[in-house]
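Hi everyone, thanks for coming. Could you put the model up on the screen, please? I'll talk you through how I read it.

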Amino acid sequence: MKEKTSINLRKSMNRGSVEQETKIHDKQGEIMNSPTNRAKTNLLDRILLSKDVVSKFHDEYKNNSVFKRWIDENIPEVSLCEKQEQKTPWHIYNVLDHILHSVDNMNKLASHLEYSDRRMLVYTMFFHDIGKPYAHSYDKNRKKCHRKHSHSRHFHHRIRCGAGS
């Protein structure tokens, strides 16, 4: 009897999770497909697919309050990445600048590709380390390192479920 109850509880919890995920997915689809968000996504596309991604992103993020608010509401990890320093021989920038320089380099390497392929690659670079601020820790010498990027998996799920554009 006890096992049957726990199986029913798990089934019930799983049903609740699926229903909740569906509601979240629907809401994210509404948000991302609104005319306002399509305009912001188009601006982000123009920035990420441009030359000099680093300065263009920072200019918009610092000087365009509507764009900044949209980024902070939809991709709150960006502000965390901006604050997250990386002091290792392999990383000379904070996480956000590392990400933006990676996007810039991908643009140069993929300049010969069609727009849709290049767009996919630059967004891959834009999101590749987005979970680092949640995963930092220190090694035995008290040097900061990023061993577990588990938050990136949760971020990927949130974006994938909300991706409509």
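**A walk through the fold**

Okay, let's begin with burial: of the 165 residues in the protein chain, 37% count as buried. Keep in mind that what you're looking at is a predicted model. As for the outside, the chain exposes about 10900 Å², and 55% of that comes from carbon and sulfur atoms.

What is the chain built from? It has 9 helices and 2 strands. If you read along the sequence, the pattern goes α-α-α-α-α-α-α-α-β-β-α. So far that's just the parts list. To get a feel for how the parts come together, look at the contacts with a separation of 6 or more: residues 24 or more positions apart account for 56% of them.

Now let's go inside. The largest nonpolar core has 28 residues. Which of them touch the most other members? Those are Leu-44, Leu-48, Phe-57, Phe-67, Ile-71, Val-78 and Phe-126. Six helices each supply at least two residues of this core: α2 (35-48), α3 (53-63), α4 (65-74), α5 (77-83), α6 (95-109) and α7 (115-127). The one that gives the most is α6, with 6 residues.

Let me zoom in on one of those core residues, Phe-57. You'll find Phe-57 in helix α3. Is Phe-57 buried or exposed? Its relative accessibility is 0%, so Phe-57 counts as buried. If we leave out residues up to four places away in sequence, Phe-57 touches Leu-44, Ile-47, Phe-67, Val-78, Leu-96, Leu-100 and Phe-126. Take Leu-44 from that list: Phe-57 and Leu-44 are 13 residues apart along the chain, and their C-alpha atoms are separated by 8.1 Å.

Another one on that list is Phe-67. With the same kind of neighbours left out, Phe-67 touches Lys-40, Leu-43, Leu-44, Ile-47, Phe-57, Glu-60 and Tyr-61.

Next, how do the helices sit against each other? When two helices pack, we describe them by the angle between their axes and the distance between the axes. I've picked three pairs.

Pair one is α3 with α4. Their axes come within 5 Å and cross at roughly 100 degrees. That makes α3 roughly perpendicular to α4. On the α3 side you have Phe-57, Glu-60, Tyr-61 and Asn-63, and they meet Ser-65, Phe-67, Lys-68, Ile-71 and Asp-72 in α4.

Pair two is α3 with α6. Here the axes come within 8 Å and cross at roughly 130 degrees. What do we call that arrangement? The two helices, α3 and α6, are oblique to each other. Val-53, Val-54, Phe-57 and His-58 are the α3 residues in this contact, and from α6 come Leu-96, Asp-97, Leu-100, His-101, Val-103, Asp-104 and Asn-107.

Pair three is α6 with α7. These pack at an angle of about 160 degrees, with their axes 8 Å apart. So α6 is roughly antiparallel to α7. The crossing of α6 past α7 is right-handed. In this pair, Ile-99, Leu-100, Ser-102, Val-103, Met-106 and Asn-107 of α6 meet Arg-118, Leu-121, Val-122, Met-125 and Phe-126 of α7.

Before I stop, here are three more residues to click on.

Start with Ile-75. Where does Ile-75 sit? It's in the loop between α4 and α5. Ile-75 counts as buried because its relative accessibility is 5%, and the cut-off for buried is under 20%. Its C-alpha atom is 9.8 Å from that of Phe-127, and the two residues are 52 residues apart along the chain.

Then there's Asn-37, which lies in helix α2. Asn-37 is buried too, with a relative accessible area of 7%. Find Asn-74 as well: Asn-37 and Asn-74 are 37 residues apart in sequence, and 9.6 Å apart in space, C-alpha to C-alpha.

Last up is Asp-52, in the loop between α2 and α3. Look at its backbone: Asp-52 isn't a glycine, although it has a positive phi of about 65 degrees. And is Asp-52 buried or partly exposed? With 44% relative accessibility, Asp-52 counts as partly exposed.

If you take one picture away with you, make it the core: α2, α3, α4, α5, α6 and α7 each put at least two residues into it, and Phe-57 is among the residues that touch the most other members. That's it from me, thanks!

Note on methods
Residues numbered from 1 in each chain as written. Predicted model: local features only at pLDDT ≥ 70, side-chain atom pairs only at ≥ 80, totals over all residues. Heavy atoms only, no water. Core = buried A, V, L, I, M, F, W, Y, C linked by side-chain atoms within 4.5 Å. Buried < 20%, exposed > 50% of the residue type's maximum accessible area, 1.4 Å probe, protein only. Helix = DSSP H or I, 4+ residues; strand = E, 2+ residues; numbered from the N terminus. Contact = heavy atoms within 4.5 Å. Areas by Shrake-Rupley, 256 points an atom, 1.4 Å probe, with all protein chains shown as cover. Axes fitted to C-alpha atoms, helices over the stretch in contact; angles between N-to-C directions. Parallel < 35°, antiparallel > 145°, perpendicular 65-115°, else oblique. Left-handed = near helix turned anticlockwise from the far one by under 90°.
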